[in-house]
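I opened the model today to look things up one at a time. These are my notes, in the order I took them.

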Amino acid sequence: MSPPDQDAPIDDAGAADAIGDAAPTDSPIAPLREIELKLDLDRTALDALRGHAAFAAALAKAKAPRRLLATYFDTPDGRLAAHGASLRIRREGRVRIQTLKIGSGAAAGLFDRDEWEVRVAGDTLDFDALAATPLAKLFAKRKVRAALAPLYAVETRRRILSLDESGAQARLVLDEGTVRVGERSEPFCEIELELVQGTHADLFRIARGLAEAAPLSLGTRSKAQRGAALAAGEGPRIVKQVPPGLTPAMSAGEAFQAIARACLKQLAGNEAALREQRAPGAVHQSRVALRRLRAALSLFAPILEEGPRRALSAELKWMADQLGAARDLDVVIATVVEPMRAGDPEDPALVRLSEAFAARREEAFAGALAASSSARYRLMQIDAAAFVEAGNWREGANATRDEPVARFARRSLRKRAAKVLAGLGCTPTAKPGRRDTLAEPIGKGAARRALAALSIEARHDLRIAVKKLRYATEFFAGIFVGGEAGDLSAKAAGARHEATLDALEALQEDLGALNDLAVGDRLAASFPEPDPLLAEGLARLARPDAEDAAAEHLAAAAKAVKRLASAKPFWA
């Protein structure tokens with residue numbers, strides 16, 4: 001791809017305003033701290049937005065839109081993207097601006113990046129300007145310089161509005177445009193909100209008002225990320241858990257924000273795959289993100305406002321429930337129905353069973369899609385981000401919130417591990433140190449008897465407690481494993497963390513498998529009046545080896561309990 005034609009007719013008026021309040025200089029400037037809230041919308045939503053009084057008033061006063069044309073550079077192997085950076089030359093009239101951005105959205109909709117901008121004469125990168133940035137060593141490499149090339153272009157029609165609401169003021173940038181890579185293109189429409197006057201809470205209040213007027217959702221991708229995906233020929237990805245990036249220097253409150261941001265990013269990041277590809281993996285990972293965020297709210301309950309925390313957790317559970325039916329059907333279809341059908345593809349009863357489950361799955365998926373597109377869900381996301389970034393829990397004195405995260409994590413991990421182990425018939429160590437195990441030794445026979453004695457409800461509660469401990473173990477890993485927050489070596493802490501996590505994952509998996517053995521029966525019962533062929537197919541769902549399978553998973557779970565009890569704390 002070649003850089004844009006220098007003689008293309010692009011508006012020149014007000015070019016400097018398009019990148020900030022001041023025109024760029026001819027030399028590198030100190031990094032500008034860019035904090036913005038990004039909202040995605042369909043172009044048809046613009047008509048609905050005109051019904052928002054403040055937006056309509058601001059639009060009437062806005063200057064004519066400008067055309068911007070940006071060319072983005074990277075190496076074929078994505079060296080800049082791997083560093084969380086983007087490099088572009090943007091053309092605004094006759095002015096060309098080279099911009100390096102480092103950092104990515106910390107959460108869905110929230111972007112916090114450093115920028116280095118300099119005016120350049122043409123469409124060739126100014127490497128001298130890049131020598132004053134944190135990636136100077138990378139740009140100093142001859143091979144990197146030679147490999148940097150234009151990968152994609154972004155054409156944008158931009159309007160800048162000033163919104164004034166209840167004493168707060170925000171700068172609203174409305175971008176309609178197209179990302180192009182050769183003959184391929186992808187349209188986009190997005191809003192960036194930047195606070196001019198007021199508080200972070202005001203910014204989210206303004207965003208919520210806009211989302212109440214039109215179907216807006218928190219944005220997760222920058223223009224650079226859109227272009228990189230198009231250049232790579234990638235469709236929407238299924239996003240697995242996003243590392244929160246905790247460090248020992250954080251306070252407990254900062255750690256909660258980092259974890260919650262990662263969960264929100266995972267949730268919003270799966271929306272495209274959910275809606276466009278109807279991917280089972282996107283359903284699963286969306287539920288995982290919701291569960292992880294609920295677990296974080298529970299884990300950090302001592303520092304959060306009780307009422308808003310519970311209200312948010314209830315909304316997250318509502319959305320998880322909307323996805324639950326589709327997920328259960330995906331599991332049964334993949335693990336039971338499809339293997340049965342593959343064994344005898346022409347069997348009329350199995351053909352009918354497969355068709356019935358496929359139709360039921362479509363129905364459940366339609367419900368999940370409707371929920372993910374609903375105003376309730378969109379507003380829930382904004383409310384969640386507002387709670388994390390601007391909730392009242394951040395105000396005033398709170399010793400627990402402001403204590404070092406390592407101290408908070410040790411206390412939380414000890415408490416949750418003791419709860420899980422006590423529920424398994426173990427005797428937890430009161431305050432395990434570096435040489436202690438988490439509980440007194442327990443044999444597989446004793447562990448199995450303890451598990452077998454649990455009621456279905458108690459086993460369900462235990463699985464939830466195990467899941468919460470597993471998430472906490474994952475959340476806090478970076479603090480103790482190589483994070484220099486404990487008195488163990490990085491190797492020892494890593495080995496202990498891996499052993500604890502492996503035991504928790506195995507225990508959760510086997511408890512889940514025991515639950516899944518009954519899912520087929522529950523789903524079979526959801527067909528109240530099956531026709532004869534379907535009735536015959538449903539009858540075959542009952543696994544003849546169910547009793548043996550349950551015994552097998554019970555034995556495996558007991559083994560995992562023994563391993564967990566004998567694990568040593570990685571947080572010592």
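Is Ser166 buried or exposed? I found that Ser166 is exposed, with a relative accessible area of 72%. A reminder to myself before going further: this is a predicted model.

**Entry: the Ser166 turn**

I placed Ser166 in the loop between β7 and β8. Its backbone caught my eye, since Ser166 has a positive phi of about 50° although it is not a glycine. The two strands around it make a hairpin, with two residues between β7 and β8. They run antiparallel, and I noted 13 bridges joining β7 to β8. To pin down the register I looked up one pair: Ser162 has Arg171 of β8 as its bridge partner.

**Entry: on to β9**

I followed β8 (residues 168-181) to its other neighbour. β8 also pairs with strand β9 (residues 184-197), in the antiparallel sense and over 13 bridges. One pair I checked here is Thr178 with Pro187, the latter in β9. β8 and β9 make a hairpin too, with two residues between them. In that turn I found Gly182, with a positive phi of about 60°.

How many residues of β8 are buried? I got 12 of its 14, so I wrote β8 down as mostly covered.

**Entry: the β3 and β4 hairpin**

Next I went back towards the start of the chain. Strand β3 (residues 85-92) runs antiparallel to β4, and eight bridges join them. Ile89 has its bridge partner in β4, namely Gln98. Two residues separate the strands in this hairpin, and Gly93 in the turn has a positive phi of about 65°. I then checked cover for β4 (residues 95-102): seven of its eight residues are buried, so the strand is largely enclosed by the rest of the structure.

**Entry: salt bridges**

I asked for the total and got 40 salt bridges in the structure. I wrote up three of them.

Arg226 pairs with Asp40, and their closest N and O atoms are 3.3 Å apart. Arg226 is in helix α8 (residues 223-231) and Asp40 is in strand β1 (residues 32-41), so this pair ties together parts that are 186 residues apart in sequence. Both Arg226 and Asp40 came out as buried.

Asp175 and Arg158 meet through their side chains at 2.8 Å, N to O. This pair links β8, which holds Asp175, to strand β7 (residues 149-165), which holds Arg158, and the two residues are 17 apart. Asp175 and Arg158 are both buried.

Which residues share a salt-bridge network with these two pairs? I found Arg226, Asp40, Asp175 and Arg158 linked in a network with Lys38, Glu186, Glu190, Glu192, Arg221 and Lys223.

Arg540 and Asp347 make the third salt bridge in my notes, at 2.9 Å, N to O. Arg540 sits in the loop between α21 (532-539) and α22, and Asp347 in the loop between α12 (306-343) and α13 (348-372), so the pair ties together parts 193 residues apart in sequence. I looked up the cover of each partner: Arg540 is partly exposed, with a relative accessible area of 31%, whereas Asp347 is buried at 12%.

**Entry: a positive patch**

I looked for charge on the surface and found a positive patch formed by Lys444, Lys559, Lys562 and Arg563. Which helix gives the most to the positive patch? Helix α22 (residues 546-565) does, with three residues. Lys444 belongs to helix α17 (residues 444-452). I got a relative accessible area of 49% for Lys444, which makes this residue partly exposed; the label "exposed" needs over 50%.

**Entry: odds and ends**

I came across another positive phi outside glycine: Arg278, at about 50°. Arg278 is in the loop between α10 (271-277) and α11 (280-299). With 30% relative accessibility, Arg278 counts as partly exposed.

Last, I looked up Pro339, which lies in helix α12. Pro339 is partly exposed, with a relative accessible area of 44%. I also took one distance from here: the C-alpha atoms of Pro339 and Asp461 are separated by 31 Å, and the two residues are 122 apart along the chain.

Note on methods
Residues are numbered from 1 along each chain as its sequence is written. This is a predicted model: local features need pLDDT of at least 70, side-chain atom pairs count only at pLDDT 80 or more; totals for chains, interfaces and linings use all residues. Side-chain values use heavy atoms; hydrogens and water are left out. Patches are made of residues with over 30% relative accessible area and no salt bridge: like charges are joined within 9 Å, nonpolar side chains (Val, Leu, Ile, Met, Phe, Trp, Tyr) within 5 Å. Accessible areas come from the Shrake-Rupley method with a 1.4 Å probe; for residues, only the protein chains shown count as cover. A salt bridge is a side-chain nitrogen of Lys or Arg within 4 Å of a carboxyl oxygen of Asp or Glu. Lys and Arg count as positive and Asp and Glu as negative; His and the chain ends are not counted. The place of a charge is taken as NZ of Lys, CZ of Arg, CG of Asp or CD of Glu. Helices (H or I, at least four residues) and strands (E, at least two) are DSSP runs, numbered from the N terminus. Buried means under 20% relative accessible area, exposed over 50%, partly exposed in between (1.4 Å probe, protein chains only). Two strands pair if DSSP finds at least two bridges between them.
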